[in-house]
Amino acid sequence: MAPSHPALDATHDPALRSWARGADGHADFPIQNLPFGIFTPTGRAAPRGGVAIGDSILDLAAALDAGLFSGAAAEAARAASGESLNGFLALGAGPRRALRARLSEILAAGSPDQRKAEACLHPAADCTLHLPARIGDYTDFYVGIHHATNVGKVFRPDNPLLPNYKYVPIGYHGRASSIRVSGTDLRRPRGQLKAPDAETPRFAPCERLDYELELGIWIGPGNALGEPVPVAKAEDHIAGYCLLNDWSARDIQAWEYQPLGPFLAKNFGSTISAWVVTPEALAPFRIAQPARPQGDPAPLPYLLDEADQRRGAFDLVLEVLISTSAMREKGLAPHRVALSNTRHMYWTVAQMVAHHTSGGCDLNSGDLLGSGTVSAPDASGFGSLLETTRAGKEPVQLPSGETRRFLEDGDEVILRARAARPGAASIGFGECRARILPAA
C-alpha cells in the first residue's frame, strides 16, 4: 500500500522544465503542479477533464486517444476525462500518482511524446472552467483559531472562544447546491435583519456582506456508513485541495445563528477555485503541525497521530484582494486586504476527516470540506472583513479613495494561494474570484 503522505520524487524536481508554453516559472501551473479540472474548449459542447500546464490545458480524452497512457495511468486518465472528476477522485492515491508521473514525463522538456501531446493542448484563455466534481455534501469547519476568537469577540464579547473549541474540530453541514466555480457572479442575499435597537426584524437585502478566506478539501475514496476513518488513515481519503470563499451575510447571521448556528447567512453561495491541486503537488510544502500554546489540552487519542503531527500541516500563503467598480474604471489593480497562511489552522485536515467520520458518518468521493476562515494573528492577515474592520468600526481604505466596512455591489473578491520554499518550485491554486450583483 502506498504511504499515506506522498513522498518527494522526480516530479517535484525544481530543475524540471516543460516544453508547454508558459509553464516554466508560471505563477500557478508549472510542471511541478499538474492540477486536475473540468473544462470546455472553444467550439465544443461537452465538458471534459483536463490538466493545467502553464497557459494551456491538456485534454485527457484526447491524450488517451493519442495512446499517451497505459496501465494505472490510463485507468486514472479515463476516470478523469469525463464531465466530472468523481470517479477519478474515488480511485485513490495509487492511480493518481501513476497518472501524475506519466504526465510529468509527457510534458517534460525533451519528451519524445511532445508532438502527440501538443495536439491535445488548448489555450486556457479560450476555455470555460466548471466545478471539478459533483458535490454531494459540503461541510464547513472552523479550524482557524484566530478567526474563531475574533468573531467570538463580536458575537460573544464576554466569552469569545467556547471551551469545546480546543477539544473538537467544530464544523457545520453547509449547502452543496449553491457552490459555484470561480468567475461566477454572486447575488446579494435577502434575509431577516434586526438592528440592536429594533423591536422586530425586517426582510431586506443583506447590508453586511462578507468574504471568508478558506482552504477547500476534496474527498477521494469514501468510507462505509458506521465505519470511522482513523486519523492515521485519513490522508488516504483526501484527493486534493482548492481555494474556498464561503460568503457570509453577517447581519442575517447575527439574528439567526442561535440556537442552531449558520443557515441563510451561509447557504446563498460559496465560490471555489477551479483546479484540484493534488496532495502529491503539495508534498514539498508539508510542515509539522504547529505546537499548541502552553496550557492547551492535547487532542483526544482518536485525533492524535504522530505522523500527522510531523507532516500534517501546510505552509501555504493565502491572499485576499478587492477590486471595486470605481477601481476598475480608473484602471487600478486589485487591492490586497489580507495575507495569511494555512499554518494558522488549529486542526489538521486529517483530524477534520477523522472527527467528521468518528460517529459513523460516511463521506463520498467529491464531497467538499472547508477549513473555515484562516486568519493570521495580526490584522494584516485577517481572513474576513468582520475582523479587519472590527465589525465595521474601522473601514478599509482603498487606493481609489473609497472605504469598505463590508462588501458593496460591484465589488469583486479575489483569493489566491502560493506554495513556496527554498529548494522547491513554487506553485499556486489559480484564482478564486466572484463579483457581487445587487439583490434580486
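A salt bridge is a side-chain nitrogen of Lys or Arg within 4 Å of a carboxyl oxygen of Asp or Glu, and D210 and R250 form such a pair, with their closest N and O atoms 2.9 Å apart. The model discussed here is predicted, and it holds 25 salt bridges. Side chains of opposite charge can pair when their charged atoms come close. The points below look at three of these pairs, at a network of salt bridges, and at one helix.

**The pair D210 and R250**

- This salt bridge links distant parts of the chain, since D210 lies in strand β12 (residues 209-210) while R250 lies in helix α7 (residues 250-256), 40 residues apart.
- D210 counts as buried because its relative accessible area is 0%, and buried means under 20%.
- R250, with a relative accessible area of 3%, is buried as well.

**The pair E319 and R336**

- The side chains of E319 and R336 also meet in a salt bridge, with a distance of 2.9 Å from N to O.
- Here the pair connects two strands that belong to distant parts of the chain, with E319 in β19 (residues 317-323) and R336 in β20 (residues 335-341), 17 residues apart.
- E319 is buried, with a relative accessible area of 15%, whereas R336 is partly exposed, with a relative accessible area of 45%.

**A network of salt bridges**

- D210, E212, D246, R250 and K266 are joined into one network by salt bridges that share partners.

**The pair D28 and R418**

- D28 forms a salt bridge with R418, and the closest N and O atoms of this pair are 4.0 Å apart.
- The two residues are 390 residues apart and link distant parts of the chain, with D28 in the segment before β1 (36-40) and R418 in strand β24 (residues 412-419).
- D28 counts as buried because its relative accessibility is 16%, while R418, at 27% relative accessibility, counts as partly exposed.

**The enclosed helix α10**

- Helix α10 (residues 349-357) is largely enclosed by the rest of the structure, because 8 of its 9 residues are buried.
- The buried residues of α10 are V349, A350, Q351, M352, V353, A354, H356 and T357.
- These buried residues pack against several elements, namely the strands β6 (138-141), β13 (213-219), β14 (238-245) and β21 (368-370), together with the helix α8 (306-311).

How values were computed:
Residues numbered from 1 in each chain as written. Predicted model: local features only at pLDDT ≥ 70, side-chain atom pairs only at ≥ 80, totals over all residues. Heavy atoms only, no water. Helix = DSSP H or I, 4+ residues; strand = E, 2+ residues; numbered from the N terminus. Buried < 20%, exposed > 50% of the residue type's maximum accessible area, 1.4 Å probe, protein only. Contact = heavy atoms within 4.5 Å.
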